[in-house]
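I opened this entry to look up the overall make-up of the chain first and a few backbone angles after that. My notes follow in the order I checked things.

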Amino acid sequence: MAEKKFELYEYKPSKVAALIFVGLFLITTFIHVFQAYKKKALFLTPLIIGGFFEWIGYISRTVSSNNPTSLGLYIMQTLLLLLAPALFAASVYMVLGRLITFTRAESLSPIRTNWLTKIFVFGDVLSFLIQSGGGSLMSKASSQNLGKTIVIIGLVLQILFFGVFMVTSAIFHQRLAVNPTVVSRTAPWQKYMFALYAVSGLILVRSIFRIAEFAGGRGGALMKSEVYLYIFDAVLMLLVMVILNLIHPGDIIGRNKDVADSMQLSDSSADLGSAPDAGQRRWK
């Protein structure tokens, strides 16, 4: 009896759905490119790269719908769509660090500002690398279970760092609300904190979905139907990018040269001297 051929997909990928998200991610990504240039918000570069991962990933799914046995297309779309949220997370971490510095509230942060971004980005990069390795192994029947386990480890690591990040953000938010600085009294910093909570929550839900998907395996309901991928990954990650289009961090921390200069992770108080006045002038 002939051995059953290994199938890459448990369903036939939808060309229409993939094309819709190619278009949507293209629009939001290139709006982000324009906004980052205009507002001098280069700290959002990982987010923009993640946006490219998304629309290129869905282009790969579009082509793969016509050629579902192509291993190269399968690996490309799997890795790009799996890894994009880790890049979104890197920018989210950077935004919090810059908001803390902008409001001149370093003393209120539970983690020292010059370590905060480094710690969370390190965890994000580690998660990214682990997921990359696991995703590449999942394309082969012989190593699929190992790859699935490695991806789950990477996703759990991502969730752990995100959990600590959200607690850190909430503690800082509460402290600054109770003990406002000169800058925070006039700048709309809380709007950006709530935007960070929203996008962090979306990435967190997506990561939990991916863990459940991989843990259920190829026979599980989440891998047998493509609709779950679009509801709990594509839609949520699109919302992440759109929220940051609408509440763009560059509006508050992108153009201020004093703030940009202070992002060199220096403890020198001379670099911080004129920033409160600059913040007052801007937000009056």
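**Fold and backbone notes**

I read the elements from the N terminus on as α-α-α-α-α-α-α-α-α-α-α. The count I have for the chain is 11 helices and zero strands. I note here that this is a predicted model.

I next looked up burial for the whole chain. Of its 284 residues, 51% are buried. The accessible surface of the chain is about 12900 Å², and carbon and sulfur atoms account for 68% of that surface.

Then I turned to contacts. I took those in the chain between residues at least 6 apart in sequence, and 81% of them join residues at least 24 apart.

Last, I went through backbone angles. Which residue in the loop between α1 (15-39) and α2 (45-66) did I write down? That was Lys-40. Its phi is near 55°, a positive value, and Lys-40 is not a glycine.

I made a second entry for Arg-104, which sits in the loop between α3 (71-102) and α4 (113-137). Arg-104 also is not a glycine, and its phi is positive at about 55°.

Are these two side by side in burial, or buried and exposed? I checked each on its own. Lys-40 has a relative accessible area of 59%, so it counts as exposed, the cut-off being over 50%. Arg-104 has a relative accessibility of 13%, so it counts as buried, the cut-off being under 20%.

Technical notes:
Residues numbered from 1 in each chain as written. Predicted model: local features only at pLDDT ≥ 70, side-chain atom pairs only at ≥ 80, totals over all residues. Heavy atoms only, no water. Helix = DSSP H or I, 4+ residues; strand = E, 2+ residues; numbered from the N terminus. Buried < 20%, exposed > 50% of the residue type's maximum accessible area, 1.4 Å probe, protein only. Contact = heavy atoms within 4.5 Å. Areas by Shrake-Rupley, 256 points an atom, 1.4 Å probe, with all protein chains shown as cover.
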